[in-house]
Amino acid sequence: MASTTPARPPGRPRAGVNAVVFAATLSTVHELGYARATVERIAAAAGVAKSTVYRRWPSKGALIVDCLLDSFGPAPLEGTDRAELMSSTIHWIAGKIGEPGVGDAFAGVFSDAVSDPALREILSARLQDPYRLALQEALGEPERRVLFFVDVVVGTLLHRMGMTGEPMVDADVAALVELVLPHFADDPGPA
């Protein structure tokens, strides 16, 4: 007797769609640049309908933020002391921004957020805040100092990508670490 239940429901399997879309997003941004990586082109590269993308993400900016979250994953926050923790964090951020498509996507969504308050809120709440809170806890630093750390490090790395189209080389990342660490001495700054 034949089974009356189909092996799987019709249509594309839902599991894994996000991963496929995120991979297509980064490859499309890497290949075409942020501005030309439209939701239509990303959907086509992912082999899904544009409506599939818009059901999950209301805008390109929201898609990019979730794609970046997926790409960055949790902050490793490794080190036996504050200096090692900050150094490993800077190297980790530089490495992630240097991955194909990631720096372009980050710089593009950041630039769009300058004139889009709703996107700025998404970027702040979904991307910056979780990492800021983790760093605040790990470093015992007040919010304003952690935000300054993030501004200096991420701003410098994205500026290099924007000016050269290339991620910062290892020697320059090491120099950035040497510039940043003295400001964050062994004790937290005033709250």
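Biologist: Leaving aside its neighbours within four places in sequence, with which residues is R132 in contact?
Modeller: This is a predicted model, in which local features need pLDDT of at least 70 and side-chain atom pairs count only at pLDDT 80 or more, while totals for chains, interfaces and linings use all residues. Residues are numbered from 1 along each chain as its sequence is written, and side-chain values use heavy atoms, with hydrogens and water left out. R132 lies in helix α7, a helix being a DSSP run of H or I of at least four residues, numbered from the N terminus. Taking contact as heavy atoms within 4.5 Å, and setting aside neighbours within four places in sequence, the partners of R132 are E143, V146 and L147.

Biologist: Is R132 buried or exposed?
Modeller: Buried means under 20% relative accessible area, exposed over 50% and partly exposed in between, with a 1.4 Å probe and protein chains only. R132 has a relative accessible area of 9%, so this residue counts as buried.

Biologist: Which residue's side chain does a polar contact of 2.4 Å join to that of R132?
Modeller: A polar contact is a pair of N or O atoms within 3.5 Å, one able to donate a hydrogen and the other to accept it, and residues adjacent in sequence count only if both atoms are side-chain atoms. The partner is found in helix α7, residues 117-139, and at 18% relative accessibility that residue, too, counts as buried. The side chain joined to R132 at 2.4 Å is that of Q136.

Biologist: Leaving aside its neighbours within four places in sequence, what is Q136 in contact with?
Modeller: Two of the partners of Q136, E143 and V146, are also listed for R132. With neighbours within four places in sequence set aside, the full list for Q136 is E141, P142, E143 and V146.

Biologist: Against which helices do the buried residues of α7 pack?
Modeller: The buried residues of α7 are L119, L123, L127, Y131, R132, L135, Q136 and L139. They pack against α4 (60-72), α5 (82-97), α6 (102-114) and α8 (143-164).

Biologist: By about how much does α7 bend at Q128?
Modeller: The bend is the angle between axes fitted to the seven residues ending at a residue and the seven starting there. A proline, P130, follows Q128 within four residues, and the bend of α7 at Q128 is about 45°.

Biologist: Just after α7, which residue takes a positive phi?
Modeller: At the start of α7, a side-chain oxygen of D116 comes to within 3.1 Å of the backbone nitrogen of A118. Just after α7, a positive phi of about 65° belongs to G140.

Notes:
Helix = DSSP H or I, 4+ residues; strand = E, 2+ residues; numbered from the N terminus.
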